[in-house]
There are 4 protein chains.
Amino acid sequence: MARRRATDSKRARSRGGPDSFETLRSALRQFATERDWDQFHLPKNLAIALSVEVAELLEHFQWMPDRESAALPPGKRAEVREELADVLLYLIRLADKLDIDLVSAAADKMVINSKKYPVHKARGTSRKYTDL
Amino acid sequence: MARRRATDSKRARSRGGPDSFETLRSALRQFATERDWDQFHLPKNLAIALSVEVAELLEHFQWMPDRESAALPPGKRAEVREELADVLLYLIRLADKLDIDLVSAAADKMVINSKKYPVHKARGTSRKYTDL
Amino acid sequence: MARRRATDSKRARSRGGPDSFETLRSALRQFATERDWDQFHLPKNLAIALSVEVAELLEHFQWMPDRESAALPPGKRAEVREELADVLLYLIRLADKLDIDLVSAAADKMVINSKKYPVHKARGTSRKYTDL
Amino acid sequence: MARRRATDSKRARSRGGPDSFETLRSALRQFATERDWDQFHLPKNLAIALSVEVAELLEHFQWMPDRESAALPPGKRAEVREELADVLLYLIRLADKLDIDLVSAAADKMVINSKKYPVHKARGTSRKYTDL
């Protein structure tokens, strides 16, 4: 059994290794286990944490004119990059604690969105699907 | 050159295809282009949209006792799965518009976090690193 | 006309002065004018700022068990008090820029809520009105 | 002492009745009591609810250019008015459950803000006080 896993693992690596999501999910699990943080990582708490990180991201755009946000100066961009990372890490951790596969959830949602926003109706408008 | 790319691409596929992030990023780009939505997808607006989606996720936990959030009933879980997908999709889209590589940003942040929260100090406590 | 207003105003003062909302609204206006901040105080930006302040408030409850949140230690309570103030100040400022009377809006909403959540249906349940 | 309070209270009423905050706070208390909702109204839950309402407010500005947000069309304005009311009601309720006086907290914060942002430094800039 252990032997079989080793072989699978070797094959995986020769195919380019596991997906980035899987790599981050495992790293976050180990990070939490080492610190005995599973006791705090209840989905309700992680959803709050995610929301706090998104606000830290949003804060960078608070007084910025719309257009300027498309071309951030390097210092600001580095800060935003770090906030984006925080959001992703909590998102992956939350999905893991709920045993939800983020990638397949996102793929399913893309299909739903393409039905909610058919090209001929949604083209060039920012209206919500309920108002199309 | 074109020939070389084709070969690389073929090899990529034989190694299991592109990473999920890359796949979703491309799909979202195409989705926006087809609908002429790039005009709305300014980072400031996408950060707002991300924040709105996270709140829709959080709403599911609003009146729920902490512990119950660890074992959602199937109907609730399906709704939460869809909200998680929305968050991921806006996050990937926002990172793409800022030309930021989410996966490397997250990997870098894991390194920072492991310094901020060394195991011997952070073990078993939910205190912020500034209070460790 | 000016004379009549002066009289009304004098009467208001003799009745104990303006309402707290009115006092804060005026103080915030003056604060912004003195700093030439009206150029930044577009409703979209103020709504973002409000959202950032609410997240700073929420952060205090991030890893806290539900029940503990009902009895904050004094230091934490003082921090939370300051965040609540920030939320109120941005809320009043945003309403002012939109020329919306918060107090009458809240009174109207109380009437709507009492219809959405009639006592005999809503008693003892946290379900949303759409699920009652 | 009790006699004196009664007199003050009577004077308050003859001066135009209680403050709007006090009126709303009492109305919200009664609303919750009638529905047996105090069991759900833990500060952590109310802070989440507040955050969800602010996001519903923010959603109205999601794809709206900055400048347009200063002049909302009537239908949109009515929706925004209702969201502002929701935010205020949860804010007052949360402060009440924490036994915090919102008005004095806001007045104290105005003093802090005028020190953080002295006119000669803050005039015409949207920089955070830490960067002034």
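**Close-up views of a predicted four-chain model**

**View 1. The side chains of C:Arg81 and D:Asp108 come together in a salt bridge, with 2.9 Å from N to O.** Please keep in mind that this model is predicted. The pair runs between chains: C:Arg81 sits in helix H4 (residues 74–97) of chain C, while D:Asp108 sits in helix H5 (residues 102–116) of chain D. C:Arg81 is partly exposed, at 24% relative accessibility. D:Asp108 is partly exposed as well, with a relative accessible area of 38%.

**View 2. C:Asp86 and D:Lys109 form a salt bridge through their side chains, 2.6 Å from N to O.** Because C:Asp86 belongs to helix H4 of chain C and D:Lys109 to helix H5 of chain D, this pair joins two chains. How accessible is C:Asp86, buried or exposed? C:Asp86 has a relative accessible area of 11%, and so it is buried, the cut-off for that class being under 20%. D:Lys109, at 3% relative accessibility, is buried too.

**View 3. On the other pair of chains shown here, B:Lys109 and A:Asp86 form a salt bridge whose closest N and O atoms are 2.6 Å apart.** B:Lys109 is part of helix H5 (residues 102–116) of chain B and A:Asp86 is part of helix H4 (residues 74–97) of chain A, so the contact links two chains. Both ends can be checked for burial in turn. B:Lys109 counts as buried at 4% relative accessibility, and A:Asp86 is buried with a relative accessible area of 10%.

**View 4. B:Asp108 pairs with A:Arg81 in a salt bridge, the closest N and O atoms being 2.9 Å apart.** How many salt bridges does the rule find across the interface of chain B and chain A? There are eight. The rule also finds 26 residue pairs in polar contact across the interface of chain B and chain A, with both residues at pLDDT 80 or more. On the side of chain B that touches chain A, the elements giving two or more residues are helix H2 (20–35), helix H3 (43–59), helix H4 (74–97), H5 and helix H6 (119–122) of chain B. H4(B) provides the largest share of that side, with 13 residues. By residue class, the side of chain B that touches chain A holds 42 nonpolar, 14 polar and 16 charged residues.

**View 5. In the interface of chains A and B, 72 residues of chain B are in contact with 73 residues of chain A.** The area buried between chain B and chain A is about 6,300 Å², and carbon and sulfur atoms give 68% of this area. Which three residues supply more than any other three of the area that chain B buries against chain A? They are B:Lys44, B:Arg81 and B:Met110, which supply 10% of that area. Of the interface residues of chain B, 100% are also interface residues in chain A, so the copies meet through the same surface.

**View 6. A turn of 180° and a shift of 0.0 Å along the axis lay chain B on chain A with an RMSD of 0.0 Å.** The two copies are therefore related as by a two-fold rotation axis.

**View 7. Within chain A, a network of salt bridges links A:Glu22, A:Arg25, A:Arg29, A:Asp38, A:Arg93, A:Asp96 and A:Lys97.** For the wider setting, over all chains the structure holds 52 salt bridges. Chain A itself has six helices and zero strands, and its elements run α-α-α-α-α-α from the N terminus on. Of the 132 residues in chain A, 45% are buried. Among contacts in chain A with a separation of 6 or more, 58% are between residues 24 or more positions apart.

**View 8. C:Asp66 is found in the loop between helix H3 (43–59) and H4 of chain C.** What does C:Asp66 contact once its neighbours within four places in sequence are left aside? From chain A comes A:Lys44. Chain B brings B:Met64, B:Pro65 and B:Asp66, and chain D adds D:Leu42, D:Lys44 and D:Asn45. C:Asp66 has a relative accessible area of 9%, and so this loop residue is buried.

Conventions. Residues are numbered from 1 along each chain as its sequence is written. Chains are lettered from A and ligands numbered from 1 in the order in which they are written. This is a predicted model: local features need pLDDT of at least 70, side-chain atom pairs count only at pLDDT 80 or more; totals for chains, interfaces and linings use all residues. Side-chain values use heavy atoms; hydrogens and water are left out. A salt bridge is a side-chain nitrogen of Lys or Arg within 4 Å of a carboxyl oxygen of Asp or Glu. Helices (H or I, at least four residues) and strands (E, at least two) are DSSP runs, numbered from the N terminus. Buried means under 20% relative accessible area, exposed over 50%, partly exposed in between (1.4 Å probe, protein chains only). Copies are superposed by least squares on the C-alpha atoms of residues with pLDDT of at least 70 in both. Contact means heavy atoms within 4.5 Å. Buried area is the accessible area (1.4 Å probe) that two parts lose on being put together, summed over both. A polar contact is a pair of N or O atoms within 3.5 Å; within protein, one must be able to donate a hydrogen and the other to accept it, and residues adjacent in sequence count only if both atoms are side-chain atoms. Ala, Val, Leu, Ile, Met, Phe, Trp, Tyr, Cys and Pro count as nonpolar, Asp, Glu, Lys and Arg as charged, and the others, Gly among them, as polar.
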